[in-house]
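Hello,

Here is the structure we discussed handing over. Please have it open while you read the notes below.

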Amino acid sequence: GTIQPSGKIDPTKLKLTGSDAGCFAFDASSPDQLRVTFDPKGEAGNFHAALEDGAGLMVPLHGLGTKALEGENEAPLFQVARALALPVDIGAETLITPKDGKPIGSGIVATHFRPLAGKPVVMTPLARYSPPWKLPFGLYWEEGGQRKYVEAGALDDSSVVKDASQRLFPPLVGGKSTSLTPPGPFGIYSTSPTHTAHSDPALNEGNEKSIPQALRVYPVKEILGRSLENAYLLCFEEARNGDYQDYVFLIENVVAE
């Protein structure tokens, strides 16, 4: 990742601190930005450190490591939340979580969302631990007696971007998603090669590739130190195992219903 300082810094004064400092490195050769890299050295879990200059600059650093890709090697949802400095109670510190549809931790029941007047709905991908395919996602709502699907973006295929499906901040096809302005309450969807998962469990009933409760929702007040209002963590379950970290998004400028 990169850090763009707001003022001048002395690169000779920079140092990494914290018990996990050895897993991070930085390059201060550019006058405009610092490049930070993370290497967990084959270890799994959360790693934390800080970049300091002794004169007031202190940037927290968070990393998430896994021993290998996919299956039981994937990072549990609670570790994803910690790596993103999300003060959210996921409700379980295991890879597999309950699939009965009941909220756990600080989660809530939410099948639809209402957009805030005058503000676009923004969906930002935060994490992905899934098979490597391209994944369109977006909003749906009723219009003219029919269900209308509007794509906000698509997570990229790992055959195009290496490890795109097993990481924090997964890349998007085209590099960005599109802000949307739905006319009223809407649901959330994601479409894999096998099926479309909906935020409304009723639309997932009878689909042998999906569990009815394909989405967990958590209210979010802060992420990586940035305060938020009217924002939620959206955690999709792609298949039927209940890890709920296949596709994780932040949605903003909405109210859950």
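**Gln245**

Gln245 is buried, at a relative accessible area of 0%. Keep in mind that this is a predicted model. Gln245 sits in a loop, between strand 15 (226–236) and strand 16 (247–252). Its side chain has a polar partner: one of its polar atoms is 2.9 Å from the backbone oxygen of Ala75. Ala75 also appears among the contacts of Gln245, beyond neighbours within four places in sequence. Glu74, Pro76 and Leu77 are on that list too. The others are Leu95, Arg128, Tyr129 and Phe236.

**Phe137**

Phe137 belongs to strand 9 (residues 135–143). Is Phe137 buried or exposed? Phe137 counts as buried because its relative accessibility is 0%, and the cut-off for buried is under 20%. Setting aside neighbours within four places in sequence, Phe137 touches Glu151, Ala152, Gly153, Ala154 and Leu155, among others. Its contacts also include Met123, Leu172, Ser177, Tyr189, Ser190 and Phe249. Asp32 is another matter: 105 residues separate it from Phe137 along the chain, and the two C-alpha atoms are 34 Å apart.

**Largest pocket**

The volume of the largest pocket is about 1,000 Å³. Its lining comprises 31 residues. Nearest the centre are Gly1, Phe38, His62, Gly63 and Leu168.

Which strands supply at least two residues each to the lining? They are strand 1 (2–3), strand 4 (34–38), strand 6 (58–65) and strand 11 (166–168). Strand 6 contributes the most, with seven residues.

By residue class, the lining of this pocket splits as follows:

- nonpolar: 16
- polar: nine
- charged: six

**Cysteines**

How many disulfides does the structure hold? The count is zero. A disulfide is a covalent bond between the sulfur atoms of two cysteines. Two cysteines were checked for burial. Cys23 has a relative accessibility of 13%, so it counts as buried under the 20% cut-off. Cys235 is buried as well, with a relative accessible area of 0%.

**To look at on screen**

Start with the side chain of Gln245 and the backbone oxygen of Ala75, 2.9 Å from one of its polar atoms. Then go to strand 6, the top contributor to the lining of the largest pocket.

Best wishes

Note on methods. Residues are numbered from 1 along each chain as its sequence is written. This is a predicted model: local features need pLDDT of at least 70, side-chain atom pairs count only at pLDDT 80 or more; totals for chains, interfaces and linings use all residues. Side-chain values use heavy atoms; hydrogens and water are left out. Helices (H or I, at least four residues) and strands (E, at least two) are DSSP runs, numbered from the N terminus. Buried means under 20% relative accessible area, exposed over 50%, partly exposed in between (1.4 Å probe, protein chains only). A polar contact is a pair of N or O atoms within 3.5 Å; within protein, one must be able to donate a hydrogen and the other to accept it, and residues adjacent in sequence count only if both atoms are side-chain atoms. Contact means heavy atoms within 4.5 Å. On a 1 Å grid over the protein atoms alone, a cavity is a set of points where a 1.4 Å probe fits but cannot get out, and a pocket is an open set with protein on both sides within 12 Å along at least five of seven lines; lining residues have an atom within 4 Å of a point. Grid points are joined across faces, edges and corners, and a volume is the space filled by probe spheres set on the points. Ala, Val, Leu, Ile, Met, Phe, Trp, Tyr, Cys and Pro count as nonpolar, Asp, Glu, Lys and Arg as charged, and the others, Gly among them, as polar. A disulfide is a pair of cysteine sulfur atoms within 2.5 Å.
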